[in-house]
Amino acid sequence: MKTFQEFGLEPTILRAITEMGFEESTPIQEKTIPLAMEGRDLIGQAQTGTGKTAAFGIPLIHKINMKEERISALIMCPTRELAIQVAEEIEKLGRFKGIRSLPIYGGQDIVKQIRALKKKPQIIIGTPGRLLDHINRKTIKLDDVQTVVLDEADEMLDMGFMDDIQSILKLVPEERHTMLFSATMPTNIQKLAQQFLRNPEHVSVIPKQVSAPLIDQAYIELHEKQKFEALSRLIDMEAPDLAIIFGRTKRRVDELAEALQKRGYAAEGLHGDLSQNQRDNVMRKFRDGSIDVLVATDVAARGLDVSGVTHVINFDLPQDPESYVHRIGRTGRAGKEGTAWTFVTPREIDHLHFIEKVTRHKINKKPLPSLAEAIEGKQKMTAERILDVLQNDTQAEFKGLAIQMLEQYDSVNLLAAAMKLLTGDKKETNIELTPEDPIRARKKKFDVRSSGRRVGGGYGSSSGSGDRRQGGGYSSGAGSSSSSNSRYPRKDSRDYGSNREGGSSSSSRNREYGSNNSGNRDRSRAPRKSEDTLVNK
Ligand SMILES: Nc1ncnc2c1ncn2[C@@H]1O[C@H](COP(=O)(O)OP(=O)(O)OP(=O)(O)O)[C@@H](O)[C@H]1O
Ligand SMILES: [Mg+2]
């Protein structure tokens, strides 16, 4: 792998990279940075958690002319959380160069944004709806933009942002540099690419060889009614540092977060019906560890990078293989290992196999965690906590009393009693969740190579064939036999509302779907990739 010194980057950027702790480039960075520095349009595809943000961020910052007082680069993202996160990474990368960047997203006070825009940022990172709102108000002008990046381009299309993206890109000079990134690439991306990219280079890093997978994937077959008990046992057994639990709907997320809290877990929910303040709060708490379980809809499936996420649990099976890939990709990032569990009801087994086929990854079946395993897990946690205190040597003030007690009582019994207290009794609150409909397999064409499997090789291993063959594989009718998509539940009940960024309430184009709308997708805008493939041509 190349070191960053070899790219001929400005010293200020190299300094920032070093401060961020990046030692060598990841495969996608190694491939895209030189091309992007030359100004080549490109479609970048690489697995989750392999540094795509810096892959576009570094060359973009390198190219910014600091004398420029107008917006020179525009990055579009599908969700607010992602816009905030990408803006933070850009800010870190551009710190020593003195880059001014600004996230622009719905749900935040527009007046505040307008004020911030007066400081003349060179880079804007935004969600399409709010961007358009500013464009209409003439508070954002794009006629000096030289570089455009579409992060999670396929998801933005999927969410129906095509029109918005088109309107925005029409206002950017044609002489520009455009880059498009995601871990998965359906064919409708080709349409966008043809329209907006000039002779793009496809840069894909999908390892041919399955090396040691960084995400350990397993599933548990169970009935809807057993899910909650299984979840709490699983959390006890596995004792995650940080876990993200995905639920299918906002209602599910609310109920689940509340149920977990009742059982004594530090959990909170994230979905599009929350106010932006609430969303920010939940994310902040999760990032700083004041909660260790984030329960979320697919609003958190894409791009989010929270270090320390050891577990992803699909409480409900995701609708699409892409969604599965992105969801589990919230763990096993930046060369770390992670574990992904998926709950599958008997009627959903077909769909699970479909996901396995498309992602070309076998998901191992595991038994329901037993009560004994859960208890053992909790006890181990307690033991670890005790040993932590011991290691940090912070128990001095208890020593006197400990000596006294040990004179009177048996040491094993004493420690066991203390552990029992520390572990706490399991709160046997009875939990009833509203059942969700099962997801069933539907006929769909995919290209397995573009499924973005996380099969290691993201960091340092010899991955990255970079070939652009159209992958063979499961291009025909995986899944069950129906040919009518309408038979199957679409993502209608999913949390698209949250993702659909809107303008402010004063905008005539009030598209703030996140708050009062039920969150159903507006399907007239963009059909879900029904017959699409994930082909990476
Ligand atoms: N060269 C590097 N060395 C070490 N860490 C890196 C390097 N590049 C990026 N990272 C870190 O890796 C993590 C994942 O990066 P990033 O969020 O850009 O992944 P991604 O490929 O965009 O994933 P996703 O498909 O989920 O959006 C981040 O914490 C980032 O700071
Ligand atoms: Mg990303």
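**Exercise 1. Work out whether Ala239 is buried, exposed or partly exposed.**

Start with where Ala239 sits: it's in the loop between helix H10 (227–238) and strand E9 (242–246). Helices (H or I, at least four residues) and strands (E, at least two) are DSSP runs, numbered from the N terminus. Next, take the cut-offs: with C-beta atoms placed from the backbone, a residue is buried if 20 or more other C-beta atoms lie within 10 Å of its own, exposed if 12 or fewer, and partly exposed in between. Ala239 has 15 other C-beta atoms within 10 Å, so it is partly exposed. While you're there, check the backbone: phi of Ala239 is positive, about 40°, although the residue is not a glycine.

A word on the ground rules: this is a predicted model, where local features need pLDDT of at least 70, side-chain atom pairs count only at pLDDT 80 or more, and totals for chains, interfaces and linings use all residues. Residues are numbered from 1 along each chain as its sequence is written, while chains are lettered from A and ligands numbered from 1 in the order in which they are written.

**Exercise 2. Do the same for Lys120: buried or exposed?**

Look in the loop between helix H5 (110–117) and E4. Lys120 has 12 C-beta neighbours inside 10 Å, so it counts as exposed. Its phi is near 55°, again positive in a residue other than glycine.

**Exercise 3. Find the edges of the sheet that has the order E3-E4-E2-E5-E6-E1-E7.**

First, the layout: this is an open sheet of 7 strands with parallel pairing. Two strands pair if DSSP finds at least two bridges between them. Strand E3 (101–104) and strand E7 (201–205) each have a single partner strand, so one side of each has no neighbour in the sheet. From one strand to the next, the twist averages 15°.

Now step inside: E2 (residues 73–76) and E5 (residues 147–151) run parallel, joined by 4 bridges. Across that pairing, Leu74 stands opposite Val148 in E5.

**Exercise 4. Which strands form the edges of the sheet ordered E10-E11-E9-E12-E13-E8-E14?**

This one is also an open sheet of 7 strands with parallel pairing. Strand E10 (267–270) and strand E14 (364–365) are the edge strands, each pairing on one side only. For an inner pair, take E12 (residues 309–314) and E13 (residues 338–344), parallel over 4 bridges. There, His311 stands opposite Thr339 in E13.

Key
Axes are lines fitted to C-alpha atoms, for helices over the stretch in contact, and angles run from 0 to 180 degrees between N-to-C directions.
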